[in-house]
Amino acid sequence: MSVKKTALDKDLKWQKRMDAGLGETASISAKLGLALVFLLACSAFVAFHMGGLPQSGFLIAAAVIGGYMALNIGANDVANNVGPAVGSKALTMVGALLIAAIFEAAGAIIAGGDVVGTIKNGIIDPTQMPDAQTFVWAMMAALLAAALWLNLATWFGAPVSTTHSIVGGVMGAGMAAVGIGAVNWPTMGTIAASWVISPVLGGLIAAGFLAFIKFRILYTEDRVTAARKWVPILVGVMVSAFTMYLMMKGVKKIWKAETPVVIAIGVAAFFLTVIPVRKAVFRASASMTGRRKEIASLFRIPLVVSAALLSFAHGSNDVANAIGPLAAIVSGVDSGQIVTSAPIPIWVMVIGALGISAGLILFGPKLIKTVGSKITKLDPIRAYTVALSAALTVIVASALGLPVSSTHIAVGAVFGVGFLRESLSHRRRKVASPMLVDRPENEQGDEHIEALRQIDPSEAEKAEKKMRKRLLVRRRYAVTIATAWVVTVPAGAFLGALLFFTIRGIML
């Protein structure tokens with residue numbers, strides 16, 4: 001009888017796994033179907049409005065590739081903006097998707113600009129292109145190469161820089177079209193430097209603010225009083241940083257303010273924020289007992305707002321990675337000339353904005369989970385430092401003239417937070433100080449060791465050593481992500497060159 005029961009249990013377990021697999025397959029098929037519908041809509045729109053123009057078929061293909069690139073930007077890059085908020089449970093996945101989709105599209109349409117640079121970051125010299133036709137082929141190859149690489153990186157679960165992807169595509173297509181001399185190698189050097197500068201700077205800033213919060217609030221005897229003192233100042237710093245960040249990156253194509261003006265407005269934003277936030281914190285903390293979760297809840301609303309603002313700034317900036325080459329193709333076909341900056345037709349902007357939002361909703365959750373919960377455990381306090389680091393790192397890097405990637409900053413900040421947690425966890429167990437014990441995080445492990453010590457002291461000692469050496473950052477994600485970052489530009493360049501030769505072979 002027991003054998004039959006075991007067999008039945010195995011059958012039921014196998015059936016459950018099969019049902020889950022079938023459900024996942026059906027979900028992926030539905031998402032791919034909806035993405036295909038979006039791309040078909042792009043092609044139908046262009047065919048209807050430009051069907052009578054010369055090379056209309058080429059324009060239709062370019063619109064589909066531009067839409068495909070926008071889908072992949074939404075699937076991969078936007079995770080950095082909302083991942084920490086979802087991982088900390090400040091936002092649900094559905095709430096994050098809705099907020100990010102709305103603000104990404106708003107940023108792209110409102111602040112995306114009416115003119116865009118078509119040669120990303122001056123990677124190649126357009127004057128070396130023999131004719132407009134070769135230039136258009138190169139832009140199409142670069143756009144498709146970047147989209148394919150982003151699609152592959154998303155499939156592997158690696159958040160990568162969309163800017164670096166399109167840079168690689170442009171470099172490879174340019175080299176295939178003109179030769180190695182077309183590439184601006186000093187600029188490529190600064191981009192390579194950003195592979196190190198961005199994550200290190202982001203990680204240091206995030207870890208620094210988290211250490212400040214821990215030692216000034218969480219490791220004090222009266223957490224509530226400490227929170228009333230410091231949380232308004234920390235929120236004020238965030239508002240100030242995001243105000244300057246949005247002025248520098250979010251609305252620069254609408255209004256480009258001088259540096260002194262940006263700083264003055266940032267300082268004003270800080271002082272205008274602190275007083276009302278202090279009153280709100282006093283009200284919210286009136287019944288608090290000082291538990292970590294209660295203190296963390298004070299950072300929840302600022303974290304949600306930061307996710308929205310990061311999405312707006314991202315939409316206004318990174319939509320150019322999809323529509324820049326597409327605008328170049330449209331202008332090149334229309335004018336028959338090589339263009340380094342092109343006016344953006346409204347339909348091109350809409351494809352970019354809607355594509356990013358659609359890609360986020362359909363395929364974004366995978367990378368959101370990776371950034372938000374799979375690298376290290378986040379709560380609203382840790383996620384707050386990640387979001388703040390994203391804004392501050394861009395400001396600091398811009399002031400120092402350093403090249404940075406927003407993707408590398410955000411992911412580097414998550415790793416910085418995780419490694420700081422590891423360091424403090426090991427330290428507090430060595431010094432055995434009650435002030436350094438973060439009770440909610442370690443309470444169960446400590447109680448287990450104490451109970452084990454009563455039964456078997458040697459086993460308790462082994463368990464304590466294991467606890468002391470525990471890893472709070474998943475190393476395999478570090479290796480996967482770092483590898484993807486390093487190969488992004490070369491992979492984009494290889495694909496760009498290969499696709500240029502393919503397109504030229506088809507068209508000639």
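**Helix packing in the predicted model**

Ala63, Gly66, Gly67, Ala70, Leu71, Ile73, Gly74, Ala75 and Asn76 in helix α2 meet Trp347, Ile351, Gly352, Gly355, Ile356, Ala358, Gly359, Leu360, Phe363, Gly364 and Leu367 in helix α13. By class, the residues of this contact between α2 and α13 comprise 12 nonpolar and 8 polar, with no charged residue. The model in which this contact is described is a predicted one. Helix α13 spans residues 346-374, and its axis lies 5 Å from that of α2, the two helices packing at an angle of about 40°. Helices α2 and α13 are therefore oblique to each other, and their crossing is right-handed.

The chain as a whole gives the setting for this contact. The protein chain has 18 helices and 2 strands, and buried residues make up 54% of its 508 residues. Among the contacts between residues at least 6 apart in sequence, 85% join residues at least 24 apart. The accessible surface of the protein chain comes to about 22,800 Å², and 67% of that surface belongs to carbon and sulfur atoms.

A second helix pair is formed by α5, residues 132-156, and α12, residues 320-335, whose axes are 9 Å apart and which pack at an angle of about 160°. Because angles over 145 degrees count as roughly antiparallel, α5 is roughly antiparallel to α12. The crossing of α5 and α12 is left-handed. On the α5 side the contact involves Phe135, Val136, Met139, Met140 and Leu143, and these meet Asn321, Ala322, Pro325, Leu326, Ala328, Ile329, Gly332 and Val333 of α12. The residues of the contact of α5 with α12 divide into 11 nonpolar and 2 polar, and none is charged.

Ala62 links the description of this second pair to helix α2, which covers residues 56-76 and in which Ala62 lies. With residues up to four places away in sequence left aside, Ala62 touches Met140, Leu143, Leu326 and Ile329. Of these, Met140 and Leu143 belong to the α5 side of the contact between α5 and α12, and Leu326 and Ile329 belong to the α12 side. The relative accessibility of Ala62 is 1%, so Ala62 counts as buried. Ala62 and Pro325 are 263 residues apart in sequence, whereas their C-alpha atoms are 9.1 Å apart in space; Pro325 is itself one of the α12 residues that take part in the contact with α5.

A third pair consists of helix α4, residues 93-111, and helix α11, residues 300-318, with axes that come within 7 Å and cross at roughly 40°. Helices α4 and α11 are therefore oblique to each other, and α4 passes α11 in a right-handed crossing. Ile99, Ala100, Phe103, Glu104, Ala106, Gly107, Ala108 and Ala111 of α4 make the contact with Val304, Ala308, Ser311, Phe312, His314, Gly315 and Ser316 of α11. The residues of the contact of α4 with α11 divide into 9 nonpolar, 5 polar and 1 charged.

Individual residues of these two helices were also examined. Ile109 lies in helix α4 and counts as partly exposed, with a relative accessibility of 45%. Ile109 and Ser316 are 207 residues apart in sequence and 7.4 Å apart in space, C-alpha to C-alpha, and Ser316 is among the α11 residues that make the contact with α4. Apart from residues up to four places away in sequence, Ile109 touches Met349 and Ala353. In helix α11, where Val305 is placed, this residue has a relative accessible area of 43% and is partly exposed. The C-alpha atoms of Val305 and Phe242 lie 9.9 Å apart in space, while the two residues are separated by 63 residues in sequence.

Ahead of helix α4, Lys89 is placed in the loop between α3 (79-87) and α4. The phi angle of Lys89 is near 70°, a positive value in a residue other than glycine. Lys89 counts as exposed, its relative accessibility being 67%.

Terms used:
Residues numbered from 1 in each chain as written. Predicted model: local features only at pLDDT ≥ 70, side-chain atom pairs only at ≥ 80, totals over all residues. Heavy atoms only, no water. Axes fitted to C-alpha atoms, helices over the stretch in contact; angles between N-to-C directions. Helix = DSSP H or I, 4+ residues; strand = E, 2+ residues; numbered from the N terminus. Parallel < 35°, antiparallel > 145°, perpendicular 65-115°, else oblique. Left-handed = near helix turned anticlockwise from the far one by under 90°. Contact = heavy atoms within 4.5 Å. Nonpolar A, V, L, I, M, F, W, Y, C, P; charged D, E, K, R; others polar. Buried < 20%, exposed > 50% of the residue type's maximum accessible area, 1.4 Å probe, protein only. Areas by Shrake-Rupley, 256 points an atom, 1.4 Å probe, with all protein chains shown as cover.
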